[in-house]
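User: I am new to this protein and would like a close look at one part of it, with the terms explained along the way.

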Amino acid sequence: MSKKRCAIPPILAEALSCEGLHAEKLDFSQLLHVAVQKSDVKITCYQRDAMGFWAPNEDTGNIHGFVGIHGLSTVKREGDGCTPVGLYRLGFAFGNKPKADTLMPYRPVTVNSCWVDDPHSAHYNTWAEGGENGDWVSAEQLADYPEEYAFAVTIGYNMRRIPKCGSAIFMHCGHQPTAGCVAMPKNNLLAVLKWLDPGKMPSILIAKYPFIYCQARYSLL
(Lines give C-alpha, C1' and ligand atoms only; values in the text may rest on other atoms or scores of the structure.)
Protein backbone atom coordinates (compact mmCIF):
# COMPACT_ATOMS: atom_id res chain seq x y z
CA MET A 1 0.00 0.00 0.00
CA SER A 2 1.41 3.42 -0.94
CA LYS A 3 1.83 6.02 1.78
CA LYS A 4 -0.70 8.84 1.63
CA ARG A 5 0.90 12.12 0.65
CA CYS A 6 0.40 14.99 3.09
CA ALA A 7 -0.65 18.34 1.65
CA ILE A 8 1.76 19.97 4.09
CA PRO A 9 4.55 18.49 6.24
CA PRO A 10 3.31 18.11 9.86
CA ILE A 11 6.14 20.18 11.33
CA LEU A 12 5.26 23.10 9.05
CA ALA A 13 1.53 22.73 9.70
CA GLU A 14 2.25 22.85 13.43
CA ALA A 15 4.35 26.00 13.09
CA LEU A 16 1.67 27.74 11.03
CA SER A 17 -1.04 26.69 13.46
CA CYS A 18 0.85 28.28 16.35
CA GLU A 19 0.68 31.56 14.41
CA GLY A 20 -3.04 31.10 13.74
CA LEU A 21 -2.37 30.33 10.07
CA HIS A 22 -3.67 27.59 7.79
CA ALA A 23 -1.89 26.29 4.71
CA GLU A 24 -4.92 26.44 2.43
CA LYS A 25 -5.27 30.18 3.06
CA LEU A 26 -1.68 31.15 2.27
CA ASP A 27 -1.28 33.45 -0.74
CA PHE A 28 2.35 32.52 -1.48
CA SER A 29 4.15 29.42 -2.73
CA GLN A 30 7.63 29.72 -1.18
CA LEU A 31 8.29 29.78 2.54
CA LEU A 32 11.42 29.79 4.70
CA HIS A 33 10.67 28.26 8.08
CA VAL A 34 12.98 29.43 10.88
CA ALA A 35 12.67 27.04 13.84
CA VAL A 36 14.52 27.93 17.03
CA GLN A 37 15.47 25.88 20.09
CA LYS A 38 17.65 27.86 22.50
CA SER A 39 20.68 28.83 20.39
CA ASP A 40 20.02 26.22 17.70
CA VAL A 41 18.34 27.53 14.56
CA LYS A 42 17.16 25.38 11.65
CA ILE A 43 16.00 27.00 8.42
CA THR A 44 14.07 24.96 5.87
CA CYS A 45 12.85 26.15 2.47
CA TYR A 46 9.42 24.90 1.43
CA GLN A 47 7.64 25.23 -1.89
CA ARG A 48 4.06 24.51 -2.91
CA ASP A 49 3.54 22.75 -6.23
CA ALA A 50 0.74 23.18 -8.75
CA MET A 51 -1.33 20.53 -6.96
CA GLY A 52 -1.15 22.44 -3.68
CA PHE A 53 1.34 20.14 -1.93
CA TRP A 54 4.13 21.67 0.18
CA ALA A 55 7.56 20.01 0.30
CA PRO A 56 11.07 20.97 1.42
CA ASN A 57 13.41 22.09 -1.34
CA GLU A 58 16.19 19.55 -1.81
CA ASP A 59 18.70 22.00 -3.31
CA THR A 60 18.80 24.20 -0.22
CA GLY A 61 18.32 21.45 2.37
CA ASN A 62 18.14 22.09 6.11
CA ILE A 63 20.27 25.09 7.01
CA HIS A 64 21.90 25.85 10.35
CA GLY A 65 21.39 29.55 10.96
CA PHE A 66 21.34 32.26 13.60
CA VAL A 67 18.88 34.77 15.06
CA GLY A 68 19.24 37.68 17.47
CA ILE A 69 21.75 37.44 20.29
CA HIS A 70 18.86 37.80 22.76
CA GLY A 71 16.64 35.30 20.95
CA LEU A 72 13.13 35.90 19.66
CA SER A 73 10.54 38.45 20.67
CA THR A 74 6.83 38.90 20.07
CA VAL A 75 7.24 42.56 21.09
CA LYS A 76 10.29 43.70 19.15
CA ARG A 77 11.89 47.00 20.19
CA GLU A 78 14.68 48.99 18.57
CA GLY A 79 18.10 47.82 19.75
CA ASP A 80 16.88 44.90 21.89
CA GLY A 81 18.99 42.30 20.08
CA CYS A 82 15.91 40.17 19.36
CA THR A 83 14.53 38.76 16.13
CA PRO A 84 10.81 39.42 15.62
CA VAL A 85 8.49 36.43 15.63
CA GLY A 86 5.93 36.13 12.85
CA LEU A 87 5.27 35.67 9.16
CA TYR A 88 6.79 38.26 6.82
CA ARG A 89 7.17 38.76 3.10
CA LEU A 90 10.72 38.80 1.74
CA GLY A 91 11.58 42.00 -0.15
CA PHE A 92 14.45 42.92 -2.42
CA ALA A 93 17.96 41.50 -2.27
CA PHE A 94 21.01 43.69 -1.85
CA GLY A 95 24.71 43.39 -1.25
CA ASN A 96 28.26 44.62 -1.26
CA LYS A 97 29.04 42.05 -3.96
CA PRO A 98 27.84 42.01 -7.57
CA LYS A 99 24.39 40.53 -8.08
CA ALA A 100 24.16 36.83 -7.29
CA ASP A 101 22.33 34.25 -9.40
CA THR A 102 18.82 35.22 -8.36
CA LEU A 103 15.49 36.34 -9.78
CA MET A 104 14.95 38.64 -6.83
CA PRO A 105 15.26 42.41 -7.43
CA TYR A 106 18.81 43.33 -6.43
CA ARG A 107 20.17 46.64 -5.14
CA PRO A 108 23.95 47.14 -4.96
CA VAL A 109 25.36 48.78 -1.84
CA THR A 110 27.29 52.01 -2.40
CA VAL A 111 29.59 53.88 -0.03
CA ASN A 112 26.62 56.13 0.75
CA SER A 113 24.01 53.42 1.35
CA CYS A 114 22.48 53.28 4.81
CA TRP A 115 19.42 51.95 6.61
CA VAL A 116 17.86 54.50 8.93
CA ASP A 117 17.30 53.29 12.50
CA ASP A 118 16.48 56.64 14.08
CA PRO A 119 12.85 56.26 15.33
CA HIS A 120 12.34 60.03 15.10
CA SER A 121 13.21 60.20 11.40
CA ALA A 122 10.60 60.30 8.66
CA HIS A 123 12.87 57.76 6.90
CA TYR A 124 12.86 55.29 9.80
CA ASN A 125 13.30 51.67 8.66
CA THR A 126 14.09 52.58 5.04
CA TRP A 127 17.12 52.53 2.75
CA ALA A 128 18.71 55.92 2.14
CA GLU A 129 21.65 57.16 0.10
CA GLY A 130 24.00 59.49 1.92
CA GLY A 131 22.31 62.48 3.47
CA GLU A 132 19.37 62.74 1.08
CA ASN A 133 16.86 64.85 2.98
CA GLY A 134 18.68 63.57 6.03
CA ASP A 135 16.63 64.12 9.17
CA TRP A 136 18.20 61.24 11.10
CA VAL A 137 20.95 61.08 13.70
CA SER A 138 21.45 57.32 13.43
CA ALA A 139 21.69 54.95 10.48
CA GLU A 140 23.44 51.68 9.69
CA GLN A 141 26.09 52.13 6.99
CA LEU A 142 25.66 49.04 4.82
CA ALA A 143 29.16 49.23 3.33
CA ASP A 144 30.62 48.87 6.83
CA TYR A 145 29.58 45.18 6.79
CA PRO A 146 31.26 43.75 3.66
CA GLU A 147 30.98 40.14 4.82
CA GLU A 148 27.59 40.16 6.56
CA TYR A 149 26.02 42.14 3.75
CA ALA A 150 27.97 40.52 0.94
CA PHE A 151 24.46 39.30 0.08
CA ALA A 152 21.22 39.94 1.95
CA VAL A 153 17.45 40.02 1.58
CA THR A 154 15.11 42.43 3.30
CA ILE A 155 12.49 40.97 5.64
CA GLY A 156 9.21 42.87 5.61
CA TYR A 157 9.07 43.56 9.31
CA ASN A 158 7.55 46.84 10.62
CA MET A 159 6.53 47.99 7.16
CA ARG A 160 4.24 50.53 8.82
CA ARG A 161 7.45 51.98 10.30
CA ILE A 162 6.11 52.36 13.82
CA PRO A 163 8.74 54.27 15.82
CA LYS A 164 10.91 52.18 18.17
CA CYS A 165 9.39 48.88 17.02
CA GLY A 166 12.55 47.80 15.21
CA SER A 167 14.30 48.35 11.90
CA ALA A 168 16.82 46.82 9.50
CA ILE A 169 15.65 43.22 9.83
CA PHE A 170 17.37 41.24 7.08
CA MET A 171 18.36 37.74 6.09
CA HIS A 172 22.11 37.94 5.57
CA CYS A 173 25.42 36.09 5.65
CA GLY A 174 26.88 35.16 9.02
CA HIS A 175 28.20 32.54 11.42
CA GLN A 176 27.06 33.95 14.74
CA PRO A 177 24.04 35.48 16.52
CA THR A 178 22.92 38.83 15.18
CA ALA A 179 21.53 42.15 16.36
CA GLY A 180 18.06 40.96 15.30
CA CYS A 181 18.41 39.59 11.77
CA VAL A 182 18.38 36.00 10.49
CA ALA A 183 21.83 34.87 9.36
CA MET A 184 23.25 31.83 7.61
CA PRO A 185 26.57 30.88 5.93
CA LYS A 186 27.12 32.62 2.60
CA ASN A 187 27.02 29.43 0.53
CA ASN A 188 23.60 28.63 2.01
CA LEU A 189 22.32 32.13 1.35
CA LEU A 190 23.50 31.95 -2.26
CA ALA A 191 21.56 28.69 -2.67
CA VAL A 192 18.46 30.32 -1.16
CA LEU A 193 18.83 33.34 -3.44
CA LYS A 194 19.01 31.06 -6.47
CA TRP A 195 15.84 29.28 -5.32
CA LEU A 196 13.79 32.38 -4.51
CA ASP A 197 11.24 33.41 -7.12
CA PRO A 198 9.46 36.76 -6.66
CA GLY A 199 6.54 35.39 -8.66
CA LYS A 200 5.91 32.93 -5.83
CA MET A 201 5.83 35.78 -3.27
CA PRO A 202 8.46 34.23 -0.96
CA SER A 203 7.89 34.67 2.77
CA ILE A 204 9.62 33.79 6.01
CA LEU A 205 8.05 32.27 9.13
CA ILE A 206 10.01 32.86 12.33
CA ALA A 207 8.58 30.44 14.90
CA LYS A 208 7.99 31.50 18.49
CA TYR A 209 8.26 28.10 20.13
CA PRO A 210 11.01 25.46 20.31
CA PHE A 211 11.20 22.31 18.23
CA ILE A 212 12.96 19.10 19.12
CA TYR A 213 15.34 18.29 16.30
CA CYS A 214 15.66 14.58 15.79
CA GLN A 215 15.62 12.19 12.86
CA ALA A 216 12.18 10.89 13.85
CA ARG A 217 10.73 14.39 13.66
CA TYR A 218 12.26 15.15 10.29
CA SER A 219 11.16 11.78 8.95
CA LEU A 220 7.63 13.20 9.01
CA LEU A 221 8.68 15.42 6.11
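Which residues are exposed on the other side of H2? Please describe that helix and the parts it pairs with.

Analyst: This is a predicted model, in which local features need pLDDT of at least 70 and side-chain atom pairs count only at pLDDT 80 or more, while totals for chains, interfaces and linings use all residues. Residues are numbered from 1 along each chain as its sequence is written, and side-chain values use heavy atoms, with hydrogens and water left out.

The exposed residues on the other side of H2 are Asn187 and Lys194, where exposed stands for over 50% relative accessible area, buried for under 20% and partly exposed for what lies in between (1.4 Å probe, protein chains only). Helix H2 itself covers residues 186–195, and its buried residues are Asn188, Leu189, Val192, Leu193 and Trp195. Because these buried residues fall within an arc of 160° when seen down the axis of H2, they line one face of the helix; the arc is that of the directions from the helix axis to the C-beta atoms. An α-helix has 3.6 residues a turn, so residues three or four places apart point the same way.

From the exposed side, Lys194 reaches a partner: its side chain and that of Asp101 meet in a salt bridge at 4.0 Å, N to O, the term standing for a side-chain nitrogen of Lys or Arg within 4 Å of a carboxyl oxygen of Asp or Glu. Asp101 lies in the loop between S7 and strand S8 (106–108) and Lys194 in helix H2, so the pair ties together parts that are 93 residues apart in sequence. Asp101 is exposed, as is Lys194.

On the buried face, Asn188 lies 8.9 Å from Gly61, C-alpha to C-alpha, although the two are 127 residues apart in sequence. Gly61 sits in the loop between strand S3 (54–56) and strand S4 (62–65), and with a relative accessible area of 24% Gly61 is partly exposed. Apart from its neighbours within four places in sequence, Gly61 is in contact (heavy atoms within 4.5 Å) with Ile43, Thr44 and Cys45. Of these, Cys45 is buried, at a relative accessible area of 0%.

As for the setting of H2, the protein comes to three helices and 15 strands, which are DSSP runs numbered from the N terminus (helices H or I, at least four residues; strands E, at least two). Buried residues make up 48% of its 221 residues, and the count of salt bridges comes to three.
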